[in-house]
Amino acid sequence: MTDRLYYNDSYLTEFRARVVDVSPDRLRVYLDRTAFYPTSGGQPFDIGKLDAVDVVEVTDEDGQIAHQLSAPVEAAEVSGVIDWKRRFDHMQQHTGQHLLSAVLVNLFDAQTVSFHLGVDSCTIDIARVLEPQQIREAELRANEIVFENRPVTINFEDSSQDLGLRKPTDREGIIRIISIQDLDRSACGGTHVRTTGEIGPILIRKLDRIRGNQRIEFLCGLRAVQRARADFEAISSVARSFSAPPDEVPALVAAQLEKLQDSDKVRRRLANELAQARGRELYAATAPGPDGIRKVVRRVTSFAEDLRAEAQSFTACAKSVFLAMGENPPAILLACSPDSGINAGELLKAALTKAGGRGGGSATMAQGSVPSKELLDQLELIRAIERSD
């Protein structure tokens, strides 16, 4: 069992230790004691150096902590140095999570069911869905407790006692407990700051629904400051585009989006009318075949959104068939006038099923696809219509 120095002192960044075991290539080292935190409980591992060799990963193997190195270490005793910037960032995020989770329980009885400390942000999943106003209230209260600079302490207590934990633990024996004064007691093996003031600002950025729970994305400390700066610069850039103050950006964007949606509706309507006009012109320019039916076969790279409107307009006229094939993706559209004697849905579905494709539709309009362009060219339906064209 490795003596975990960070259990008592998360601020310890340098230590000496004996090598008690190594992998055959000496790239995986086990020490009698270590300040390196292994991945556990949603918190990533520490990085740093052992005798000037990079520690690239740290894992917990049934109580023994393994240090994965970038090069072999030959010494029987080594000096370890923790990457403090990464360690302190993790301390801020993890203690911030304890604080935020406790506030959510106190205000709204919203229990945290999982925690993840990522490279760019952190998330907690809570067992109920809160409204945006409730989230804002929780964020404000969490930051008030940060400013109160409450002590954060480490204690070791026996599981047989009434521990008064926010979330019960299944562990037995001596339990490591992280306490935030007059707020929270949690069983935890992670690294933490000494006071809530060291957490720095707590910023909630995003809410998602995940399998009946609510996922809250948040950042603490320098991450929150850096993200707030990046958000402000992004909003300021948009504001400059509008020649307006940043506070007016949401209303201006909403107004522009409404205009864009109105313009898109007009564009779609005009495109549909134009397609209908093309369909009528195409019908007038197409001579009837020997059977009296006007047929059009069109090959295109891909289906335009107004192709159906053109086909419907063409076959709205008497005795007509409109066939279109798209290459990317391989697709086919068949439209027939009611008096053409052809049931588009039945005919196309039968042809596609034979070719391993899928599709169907009504008697006058059907559409489908095939796995490849080669299969599209082999459809007997196409050859039959092209021959009679």
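Here is a short conversation about helix packing, burial and salt bridges in a predicted model.

Student: Let's start with the helices. Why is α3 called oblique to α4?

Tutor: The axes of α3 (residues 221-242) and α4 (residues 249-285) cross at roughly 60° and come within 10 Å. Roughly parallel needs an angle under 35 degrees and roughly perpendicular runs from 65 to 115, so α3 counts as oblique to α4. The crossing is left-handed.

Student: Which residues of α3 and α4 meet there?

Tutor: On the α3 side they are I235, V238, A239 and F242, and on the α4 side V249, L252, V253 and Q256. Sorted by class, this contact has 7 nonpolar residues, 1 polar and no charged ones.

Student: What makes α1 oblique to α2?

Tutor: Helix α1 (residues 84-108) packs against helix α2 (residues 132-147) at about 125°, and their axes are 9 Å apart. Roughly perpendicular ends at 115 degrees and roughly antiparallel needs over 145, so α1 is oblique to α2. This crossing is right-handed.

Student: What makes up the contact of α1 with α2?

Tutor: From α1 come L99, L100, V103, L104, L107 and F108, and from α2 come Q134, E137, A138, R141, A142, I145 and V146. By class, that gives 10 nonpolar, 1 polar and 2 charged residues.

Student: R141 caught my eye. Which salt-bridge network does R141 belong to?

Tutor: R141 is linked with E144, E148 and R150 in a network of salt bridges.

Student: Now to α5. How do you know that α5 is mostly covered?

Tutor: Of the 9 residues in α5 (residues 307-315), 7 are buried. They are L307, A309, E310, A311, S313, F314 and T315.

Student: What covers the buried residues of α5?

Tutor: The covering elements include α4, together with the strands β16 (294-300), β17 (320-326), β18 (331-336) and β20 (365-369).

Student: Let's return to charges. How many salt bridges does a search of the whole structure find?

Tutor: It finds 27.

Student: Why is the pair R215 and D125 called a salt bridge?

Tutor: The closest N and O atoms of R215 and D125 are 2.7 Å apart. The cut-off is within 4 Å, so the pair qualifies. R215 lies in strand β15 (residues 213-220) and D125 in strand β10 (residues 122-126), 90 residues apart, and the pair links distant parts of the chain.

Student: Are R215 and D125 buried or partly exposed?

Tutor: D125 has a relative accessible area of 5%, and buried means under 20%, so D125 is buried. R215 is at 26%, between the 20% and 50% cut-offs, so R215 counts as partly exposed.

Student: What makes K206 and D208 a salt bridge?

Tutor: Their N to O distance is 3.8 Å. That is within 4 Å, so the pair counts. K206, with a relative accessible area of 43%, is partly exposed, and D208 is partly exposed at 31%.

Student: And why does D306, the partner of R278, count as buried?

Tutor: D306 has 17% relative accessibility, under the 20% cut-off, so D306 counts as buried. R278 is partly exposed, at 29%. The closest N and O atoms of this salt bridge are 3.3 Å apart. The pair links distant parts of the chain, with R278 in helix α4 and D306 in the loop between β16 and α5, 28 residues apart.

Conventions
Residues numbered from 1 in each chain as written. Predicted model: local features only at pLDDT ≥ 70, side-chain atom pairs only at ≥ 80, totals over all residues. Heavy atoms only, no water. Axes fitted to C-alpha atoms, helices over the stretch in contact; angles between N-to-C directions. Helix = DSSP H or I, 4+ residues; strand = E, 2+ residues; numbered from the N terminus. Left-handed = near helix turned anticlockwise from the far one by under 90°. Contact = heavy atoms within 4.5 Å. Nonpolar A, V, L, I, M, F, W, Y, C, P; charged D, E, K, R; others polar. Buried < 20%, exposed > 50% of the residue type's maximum accessible area, 1.4 Å probe, protein only. Salt bridge = Lys/Arg side-chain N within 4 Å of Asp/Glu carboxyl O.
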